[in-house]
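Let's take a walk through this structure together, one piece at a time. Have the 3D view ready and follow along.

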Amino acid sequence: MTPSSSPLLWLLEVAAASLAGGVVGAISGLGGGIVIVPVLTIFLKIPIDQAIGASIVSVIAVSSGAGSVYVKDRITNVRIAMFLELATAAGAIIGAAWIAPHVRPQLLFILFGLILLFSLLPIFAKLGEELPQNVTSDRMAKFLRLGDSYFDKRLSREVVYDVTGIPPAMALMFAAGIISGVLGIGAGVVKVLAHEIAMKVPTKVSTATSNFMIGVTAAAAAGVYLKRGLVLPFLVVPVATAVLIGALLGTKIMERMSNSMIRKIFALALGVIGIEMLMRGFGVF
Amino acid sequence: MNPQTMANQSTIQIASAWVLRIGVLVSALVMLIGITFSFFHGGTAVSRMQSDGFDINLPKMFAGIRAGRGKSIIEAGILLLVLTPVMRVATSMVLFAFVQRDWLYAGITFLVLVMTLAGLVWLG
């Protein structure tokens, strides 16, 4: 497939290719870079750095567009988001300023890929589970008042949940920040893992809260890409507007899905990203 | 949770949702206006759209907007988009502090805001 040489057609091709990224990003809480980057590089022959530049900016559109719906519908846990953003932001700055100059990114891509593939195990263990059982708030979660409730449209009832495992969740979020800072990727996948595995919040809350947070991480990371001239404005317009429409559609789908279905989509994405990271580490693309 | 904090928490949620919605819709609109201008001025060869990078130069961007240059208008739209999550954090900080009087979360939000801005401005 060769990209069109007519400007209007090219813009429409890019927009059509990006739409799915917004839907997947909004449902999984991963932002959508997982779909946007491969589609732009493979089908539209955009160099990887510029594809990631467009993806980082567009993830902000997914996060904000889907976030405006999830926050209004009270699925997002704003306190968890604010508290964990602290660890991510600190990790991102330390990663970019002090760690990036000293490590080979290849090594980190491989390490990250392996971690993601291994974290499929605990996800598989609870693949069919609809809501977390027997979770009691730990001391930090009580102090920070993190427990909350949301109305589940699929179950047609209010779901009250407690939150646990704050120290491991913070460690994961700090690591997610370092990975973002060093590799320049959103690392939304680690955010969902922190919510799902460490804190044991319901999957929809986990997805919506991760989606809410990635906008802030992506905004900080976007600065680097803007300064290096890796953001192509004419490419961003079709990608960002298409993923925004996709994200708004995605929220409607996600709210009516079962938690276990969303977790299956996430597990699939986790495997794909793990393999993608290994491939980048080994220099395949 | 007493009804008062319940009401205030929903104030933060409603405000965050509106900041995100307005930010993302306005930036998308500005970008679409920018690309329309580019089409009218004939600067939209695919080879150019695949290579012309974002240029961080605010005076040049504002001059470009006044001259009706599509690329400058798109750049302004991208900046608005990048600032949307930052505005959301700033809004929640103000509401945590002055509406909810929740100093713990106002402090947490303040640190997040400072670190995000530091990352945006200094990194790279």
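We'll start with a helix and what packs over it: the buried residues of α5(A) are covered by, among others, α8 (166-183), α9 (188-198) and α12 (259-281) of chain A. Keep in mind as you look that this is a predicted model.

So what is this helix like? Helix α5 of chain A runs over residues 105-118, which makes 14 residues. From its first C-alpha to its last it reaches 20 Å, close to the 20 Å expected at 1.5 Å a residue. Its buried residues are L108(A), F109(A), F112(A), G113(A) and L116(A). These cover an arc of only 135° around the axis, and that is why they end up on the same side of α5(A). There's a simple idea behind such patterns: an α-helix has 3.6 residues a turn, so residues three or four places apart point the same way. Now look at the other side of α5(A), where Q106(A), L107(A) and F118(A) are exposed.

One of the helices lying over α5(A) is α9(A), and that's where you'll find A194(A). Is A194(A) buried or exposed? It counts as buried because it has 30 C-beta neighbours inside 10 Å, and 20 are enough for that label. Leaving aside residues up to four places away in sequence, A194(A) touches L84(A), A169(A), L172(A), M173(A) and M199(A). For a sense of distance, try L9(A): A194(A) and L9(A) are 185 residues apart in sequence and 41 Å apart in space, C-alpha to C-alpha.

L84(A), which we just met as a neighbour of A194(A), also belongs to the largest nonpolar core. That core has 135 residues, and L84(A) is listed with V57(A), I179(A), A222(A), V231(A), V236(A) and A240(A) as having the most contacts inside it. Helix α10 of chain A (residues 203-227) gives the most to this core, with 14 residues.

Pause at V57(A) for a moment. Not counting residues up to four places away in sequence, V57(A) touches A222(A), V231(A), V236(A) and A240(A), and from chain B it touches I78(B), L81(B) and V82(B).

That brings us to where the two chains meet. The contact takes 45 residues from chain B and 49 residues from chain A. On the side of chain B that touches chain A, α1 (3-40), α2 (46-49), α4 (70-98) and α5 (103-122) of chain B each supply at least two residues. The most comes from α1(B), with twelve residues. By type, this side of chain B divides into 29 nonpolar, twelve polar and four charged residues.

Last stop: a pair of strands in chain A. Strands β1 (residues 148-152) and β2 (residues 157-161) run antiparallel, and five bridges join them. They form a hairpin with four residues between them, and S156(A) in the turn has a positive phi of about 50°. Across the pair, D148(A) stands opposite Y161(A), while Y150(A) has V159(A) as its bridge partner. How many residues of β2(A) are buried? The count is zero among its five residues, so to speak hardly covered.

Notes:
Residues numbered from 1 in each chain as written. Chains lettered and ligands numbered in written order. Predicted model: local features only at pLDDT ≥ 70, side-chain atom pairs only at ≥ 80, totals over all residues. Contact = placed C-beta atoms within 7 Å. Nonpolar A, V, L, I, M, F, W, Y, C, P; charged D, E, K, R; others polar. Core = buried A, V, L, I, M, F, W, Y, C linked by C-beta atoms within 7 Å. Buried ≥ 20, exposed ≤ 12 C-beta atoms within 10 Å, placed from the backbone. Expected span 1.5 Å × (residues − 1). Arc of directions from axis to C-beta. Pairing = 2+ DSSP bridges.
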